Amino acid sequence: MCFNKRNTMSKRYTITAALPYTNGPIHIGHLAGVYVPADIYARYMRLTGNDVAFICGSDEHGVPITIKAKKEGVTPQDIVDKYHAIIKQSFEDFGITFDNYSRTSAKIHHDTAQEFFKTLYNKNEFVEEVTEQLYDAEANQFLADRFVTGTCPKCGNEEAYGDQCENCGTSLNATDLINPKSAITGNVPTLKETKHWFLPLNKHEAFLREWILKGHKKDWKPNVYGQVKSWIDDGLRPRAVTRDLDWGIPVPVEGGEGKVLYVWFDAPIGYISSTKEWAAREGKNWEDYWKDENTKLVHFIGKDNIVFHCIIFPSMLKAEGSYILPDNVPANEFLNLEGKKLSTSKNWAVWLPEYLIDFPNQQDVLRYALTANAPESKDNDFTWKDFQARNNNELVAIFGNFINRVVVLTNKYYEGVIPEPSAYAAIDEETLAAVKAYPAVISSSIERYRFREASQELINLARLGNKYLADEEPWKTIKTDEARTKTVMFVALQIASALAVLSEPFLPFTSTKLKGILCHSELDSESKWEDISTKDVLIPANHKINKGELLFSKIEDETIQKQLDKLEANKKANEAANKATEPQKEEITFEDFTKLDLRVGTILEAEKMPKTKKLLVLKVDTGIDTRTIVSGIAESFKPEDVVGKRVTVLVNLAPRKLRGVESQGMILMTEDEGGNLVFVNPDVDGVNNGLQIS
Ligand SMILES: [Zn+2]
């Protein structure tokens, strides 16, 4: 029997997941990039006997929330209350097992952040400076962060923000932007003097080089290490940690009136205050989780947060002096959707609350699809086709199929009672030995933050089970060799039991169901992660299991097509809503107007113009005559749909030939929200053809 050292060395882990910003619900990109991998890691660490604090909360300060509140005519508090509730619910729905989910508007957070600031202030860790900052005179407001956009000095992106360029990830000061523009009024800002406190990152450069570039060269992900190295090599500069704003945490020192802490100063402290809130509730000492050298601190984030978690926050922690530093920051790259960048503003996303309406109780399918295709080392694409394939070909055909066969046959042959095995054949020994190797293989992947790889190993275990059944064919031997059949079913049930335990981090809802089917809770001792590799029997003979239920079901093509159609429709509706209204044309005189002869008419006949996509040839009763008009509406209307329509016709437009057919006038059209053509029609009773419109 192998003795695994890791089992005896339980550790303390503080695992944080990026605080979601409360200006909208969360979508699949957030789940894939941060919350699913963090949850797999936290669940795994608990299963392997470690002391875990899995910490998160809503990030409720900062400029975008105030901008959204202004737009919607509500208070910033209304915005954060609304989305905090929605986001928290999504995490619960998807089985994200935070030990605490707090919010940065909580008093404990305001106190903790202010105390942190004061400590650095008293230690002279800030540089106090009166500088010229961008100012919007019309809005009577200083412009920082998202209040100002301009061209990124590094990559030339014309839509960079005052704190960061989302294109190249560079962290910026607002005054770095080329051609800055106020996001409030659109004005070109002026410069105005104001006092702020700066964290002199340049002062921490030597420490950062030593700690990250030397110390974490081997264990940090190459994408994270590479970004950090390039920033340090570019030279670090002081960063303002206060803002002239009224939404946020007041600066708690003299001269700080009317100023708040920069959201990126207070947000990561949110991990600390959320831990405090949890510890107070659970009767623990929060300092064990933040100030004990033996605690491993791991930050799960997306790549846009690397600079804050690898440079700014560690510099703050170091300057404070009593905190541990992160052991790792396994940031993911971005997830795209159907080949395009996920975008909240363009509504190009799969929102979690909507997913659950369309795919009720199928959280694990999404968790799995996002893990199996996670953007771990490069940007990756979520496609509905891949989602369907992951479900049908892996979860249904491999995992679900194996479990279903084991459970159905056990019930059919033995009324659900696990049979006594006879002596093992070589293949049984080999198979059980292979099962015992899985915990170490999956652990190794998870501990190196390779969750995709880990999820595929889990499926490989189910594959092993399927192959074993296919090779041993208990459905055939049941007629010829009862003893052999019992042994095969016993071995297969051991594999099913191992899957119930090892699937928990990845497929928590399925794991619970499977444990229920196998009646794990009625075992003398329920297996833990390490038991899979050490115990010879995971589920004993004579233990009774339940009837099965399907763990996964096939997703049909039409279900996937509906999702694709929905995405397209969302995109169109969004484009229409955001379509800029055309500016007014040049002024005309009344006489110019009276030259237009507009009449009420009715379409009598319609047919498609051969060999064209857009054109319909119409016969229209204008009251004056019946004439031919060629209209470019064939993509929006079928000929039979427009016959009988009341329309507005410009009758004195000079005739012109289209594809050899003379068009004698024009029918007035406009567009609806979705960009579809609609008739400008006088649809009122008693309005006769030929009446003038004036
Ligand atoms: Zn840039």
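These are my notebook entries on a predicted model of one protein chain.

**Ground rules**

I number residues from 1 along each chain as its sequence is written, and I use heavy atoms for side-chain values, leaving out hydrogens and water. Because the model is predicted, local features need pLDDT of at least 70 and side-chain atom pairs count only at pLDDT 80 or more, while totals for chains, interfaces and linings use all residues.

**Entry 1: the whole chain**

I started with the overall inventory. The chain has 22 helices and 26 strands. Both are DSSP runs, numbered from the N terminus: helices are H or I with at least four residues, strands are E with at least two. I looked up the extent next. The C-alpha trace spans about 100 × 80 × 40 Å along its principal axes.

How much of the chain is buried? Of the 694 residues, 53% are buried. Buried means under 20% relative accessible area, exposed means over 50%, and partly exposed lies in between, with a 1.4 Å probe and protein chains only.

I also checked contacts, meaning heavy atoms within 4.5 Å. Among contacts with a separation of 6 or more, 74% come from residues 24 or more positions apart.

**Entry 2: the zinc site**

Which residues coordinate the zinc ion? I found the SG atoms of Cys 152, Cys 155, Cys 165 and Cys 168, at 2.3 Å. Donors are N, O and S atoms within 2.8 Å of the metal (3.2 Å for Na, K and Ca); water is not among the atoms, so sites may look incomplete.

The spacing of the donor residues in sequence reads C-x2-C-x9-C-x2-C. One pair links distant parts of the chain. Cys 152 is in the loop between β6 (148-151) and β7 (160-161), and Cys 165 is in the loop between β7 and β8 (178-182), 13 residues apart.

I then looked at the geometry. The arrangement is tetrahedral because the four donor atoms subtend angles of 105 to 112 degrees around the zinc ion. Four donors count as tetrahedral if all angles lie between 85 and 135 degrees. For reference, the ideal angle for four tetrahedral donors is 109.5 degrees.

Are these cysteines buried or exposed? Cys 152 has 1% relative accessibility, so it counts as buried. Cys 165 is buried too, at 0%.

**Entry 3: α3 against α4**

I went to helix α3 (residues 63-72) and helix α4 (residues 76-93). They pack at an angle of about 105 degrees, with axes 8 Å apart. Axes are lines fitted to C-alpha atoms, for helices over the stretch in contact, and angles run from 0 to 180 degrees between N-to-C directions. That angle makes α3 roughly perpendicular to α4, a label for 65 to 115 degrees.

Which residues meet? From α3 I listed Ile 65, Thr 66, Lys 68, Ala 69 and Glu 72. From α4 I listed Pro 76, Ile 79, Val 80 and Tyr 83. By class, this contact has six nonpolar, one polar and two charged residues. Ala, Val, Leu, Ile, Met, Phe, Trp, Tyr, Cys and Pro count as nonpolar, Asp, Glu, Lys and Arg as charged, and the others, Gly among them, as polar.

Gly 73 lies in the loop between α3 and α4. Its relative accessible area is 64%, so Gly 73 is exposed. The C-alpha atoms of Gly 73 and Gly 258 are 22 Å apart, with their positions 185 residues apart along the chain.

**Entry 4: α12 and α13**

Helix α12 (residues 363-372) is mostly covered, with 10 of its 10 residues buried. Val 365 is one of them.

I compared two asparagines in helix α13 (residues 384-414). Asn 391 is buried at 1%. Leaving out residues up to four places away in sequence, Asn 391 touches Val 365, Val 396, Phe 552, Ser 553, Lys 554 and Ile 555. Asn 401 is partly exposed at 30%. With the same exclusion, Asn 401 touches Val 396 and Asn 466.

**Entry 5: positive phi**

Asp 145 has phi near 50 degrees, a positive value in a residue other than glycine. Asp 145 sits in the loop between β5 (141-142) and β6, and is buried at 5%.

Tyr 449 has phi near 60 degrees, also positive and not a glycine. Tyr 449 lies in the loop between α14 (426-447) and α15 (451-472). At 5% relative accessibility, Tyr 449 counts as buried.

Terms used: Four donors count as tetrahedral if all angles lie between 85 and 135 degrees; four count as square planar and six as octahedral if opposite donors are over 155 degrees apart and all others between 65 and 115; anything else is irregular. Angles under 35 degrees count as roughly parallel, over 145 as roughly antiparallel, 65 to 115 as roughly perpendicular and the rest as oblique.
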